[in-house]
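Biologist: I am new to this structure and would like to go through it by question and answer. Please show it first.

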Amino acid sequence: MAGTTVPLGDKWQLWRQFALRGPGFPADGVLRLAAPELARAADALGPRAALTGPAWKTFEAAFAEAAVDGARELQRIAARPDFQGAVAWQNRAVVGRAVEPFVRWEPSAAGRTSGHRQREELVAHYWQRFCVKNDTIGFFGPVGWGTLDPDTTGVTVETGEGLVTRTGVYFSSWSIDELAKILDTDPRLREWVAPRRMPYLRTGTAAVLLPGRPAQPATELELAVLRLCDGRRPVREIRRELAGRATPQQVEDLLDQLVRRRWIVRGLEVPAGTHPERHLRAWLERVGDEPARRDGLDMLEVLERGRAEVAAAATGPELVTALAALESGFRGLTDTPAAREKGSTTAPCRTLVYSDSVRAATATVGAEVLRALEPLDLLMTSAGWLTSRLASRVLALAGQVHERLSTDAGGPVDLASFWFACMPVLHGDAAGEAAALQKEFWHRWSAILRLPEREGNVTVAAADIAGAVRAAFDERSAGWTAARYLSPDVMLAADGPRAVERGEFELVLGELHVAINTLGASLFVHQHPAPAELFAQTGLDHPRPRLMPLLPKEHRSRLSTRVRHALVRPEDYQIALLDHGSDPYRERTVPSAEAVVERQDGRLVVRLPDGAVFGVLDVFAHVLTTLVIDLCRLLPEADHTPRITVDRLVLARETWRYAGAALDCAQDKNEARRFVWVRRWQAASGLPRFVFVTTPTEPRPFFVDFESPAYVNLFAKAVRRLARQDPEGRLTVTEMLPSPEQTWLTDDQGNRYTSELRFVALGD
């Protein structure tokens, strides 16, 4: 199906291929922790009855018995090798420290101490993630694939054999970087490291030119060294080139000086990529000093052998041992911790290696579902308004910057100077513009849906609002190349594939990712059965080369090796704006200092050294996408927001928000009373049985079943933590839709899984 799309509305084309995201454990796993009879007994006490007397004593006894039963069920879960393997991939130490001791414990009502309850909560927390979160990582979140086929009707699942067909184990980029730092300290290897000048630096006749600074005087020898620092010539070759003009020590001193002035980078760098060890091996094999080369390769092979052992045990009981051995080898080589601390500034891939798997099951989605998807065209039209408005405003501000720079310079403006001068626009004005646009976006959608006039959940027909949507969001002006993409995550709620064929289903929009092709992420590209097909489709989307900013390897929680965009073709240009360690051997990687920003036919463009011309906003693509990627939400935060359904597509799920400090129901230290209080609060609030909860202190959504003592305990604990750490903080409760009973994705054993379809839409 490579190179084909399916139309959706007048402006959008859907890629035929989509990713099938879902967990690796069946959805009904979470129901194993439910206690429906206990829940009914709690409700039978009445909404206001005092929790005293004989009836209460009877309930307390029933709760104690149910709690022990729940602990035993959690032990059975915790004892599963696949569960322990999944936990090990997340945090190996937890298996030995908490999971295995919990399995050995003999539950009893009297013996459920606070420590045992904490282990119950730990297992329950991991279990909900493995059963009902549509994550993509390892065998407990394998990447599946599907195809849109308008010539079929419902949904067809080819289960394949087993859960996964292939598992790969990859190095986190930071682990190979740490080894590179150690290798870089070996004087024999350091001779073969190739320094490179900063991409924003230009050399003049007797000066170095840096953005925003006066010209820096430079000697002829300094300029000669700078020109030789191209990231390909090793130090030994630079010395040879300068023989007769400078002694080896003078060259060494000069390189150190240029590093201190931040004009060059001199260090063993591994370019970003899914296989960093291959880059490091390729560099080592170019080292001409045979003993040094062998020593370096031996060190790398310690990690490669450890990774191979982990891969061999990727889903088996030997995994914990293999991970421990790899970590020990890494610490022995680098004398650094084998895992990074979790924090807001830490990207994903905290451990040395990570795993990705391919789901055995594939799906074909037919015309009936495609028709139900049609209202998505309305939301995507409004998303296009967001990107074009932001692009227009940023372009106007960037134009003012360019005009000022060109006047001051009295000539051409290099891209490096323009980029640095635009920082206040990108990280100040543009962020304010994005926030203002989202408010306007909410206001326009509120008027279209007539929300102030309605009570309760909202259901409208697409035909009734289509005209108003197009009138409100009709602007299509300047944009950036990546903004042509939208990536909707859609869930299908149905009682099995046959229900879809009968038309008994509902679609639920999870998220609409704006200005990004999420299937271009490395974790999807390298789990595709034929990655060339994704590149072929990209070629049809973009017949001409693209200009793409070169990004750092990692940045906070948004960027890591796994999510890095991998659909970069050889013909695409990459602009090196800052010090991002690009591959020096890749063609069409252009330092920002060598490109020019100018006006052509009234349009602000970037002209590259070979004459290629691109719209200037493509240089800002990553920043702009980061600003808008999550803006396409129909409703602002409020105490309660309704479910919004257009035809058979739910565009927003019903949501409630509460001040954590105000939820007294979670504060009682007695488990039985707390269970009753929480159920009374749930009933009074009109909450469904199944929800997902987020808090400022726990931003990852976690599942709650209000009929499960274990998950009520998790909920109460999160509320207490929020009240303690952020007294003003609010927790968000969102209905679970589809519910565990509305799953249709199956395996070859008939088990059913939650799932979402990750589509790619391309605009005009």
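Biologist: How far apart are the closest N and O atoms in the salt bridge that Arg-470 forms with Asp-377?

Modeller: This is a predicted model. Arg-470 sits in helix α17 (residues 462-472) and Asp-377 in helix α14 (residues 376-409), so the pair links distant parts of the chain, 93 residues apart. A salt bridge here needs a side-chain nitrogen of Lys or Arg within 4 Å of a carboxyl oxygen of Asp or Glu. For Arg-470 and Asp-377 the closest N and O atoms are apart by 2.7 Å.

Biologist: Is Asp-377 buried or exposed?

Modeller: Buried means under 20% relative accessible area. Its partner Arg-470, with 33%, is partly exposed. Asp-377 has a relative accessibility of 4%, so the residue counts as buried.

Biologist: Which residue meets the side chain of Glu-191 in a salt bridge?

Modeller: Glu-191 lies in the loop between α6 (187-190) and β7 (196-197), and its partner is in helix α8 (residues 235-241), so the pair ties together parts that are 48 residues apart in sequence. Glu-191 is partly exposed at 21% relative accessibility, while the partner is buried at 17%. The N to O distance is 2.3 Å, and the partner is Arg-239.

Biologist: How many salt bridges does the count come to?

Modeller: One of the pairs is Glu-453 with Arg-450, at 3.2 Å from N to O. Glu-453 is exposed at 62% relative accessibility, and Arg-450 is partly exposed at 40%. There is also a network of salt bridges that links Arg-281, Glu-285, Arg-294, Asp-298, Glu-301 and Glu-304. By the 4 Å rule, the count comes to 54.

Biologist: What is the phi of Arg-262 near?

Modeller: Most residues other than glycine have a negative phi. Arg-262 lies in the loop between α9 (248-260) and β11 (264-265) and is exposed, with 63% relative accessibility. Its phi is positive, near 65°.

Biologist: Where does Asp-647 lie?

Modeller: Asp-647 has a positive phi as well, near 55°. Its relative accessible area is 40%, so Asp-647 is partly exposed. The residue is in the loop between β24 (644-646) and β25 (649-652).

Biologist: Which residue does a cis peptide bond join to Leu-737?

Modeller: Most peptide bonds are trans. In this one omega is about 0°. The partner of Leu-737 lies in the loop between β29 (730-735) and β30 (745-746), and this partner is Pro-738.

Definitions and conventions. Residues numbered from 1 in each chain as written. Predicted model: local features only at pLDDT ≥ 70, side-chain atom pairs only at ≥ 80, totals over all residues. Heavy atoms only, no water. Helix = DSSP H or I, 4+ residues; strand = E, 2+ residues; numbered from the N terminus. Buried < 20%, exposed > 50% of the residue type's maximum accessible area, 1.4 Å probe, protein only.
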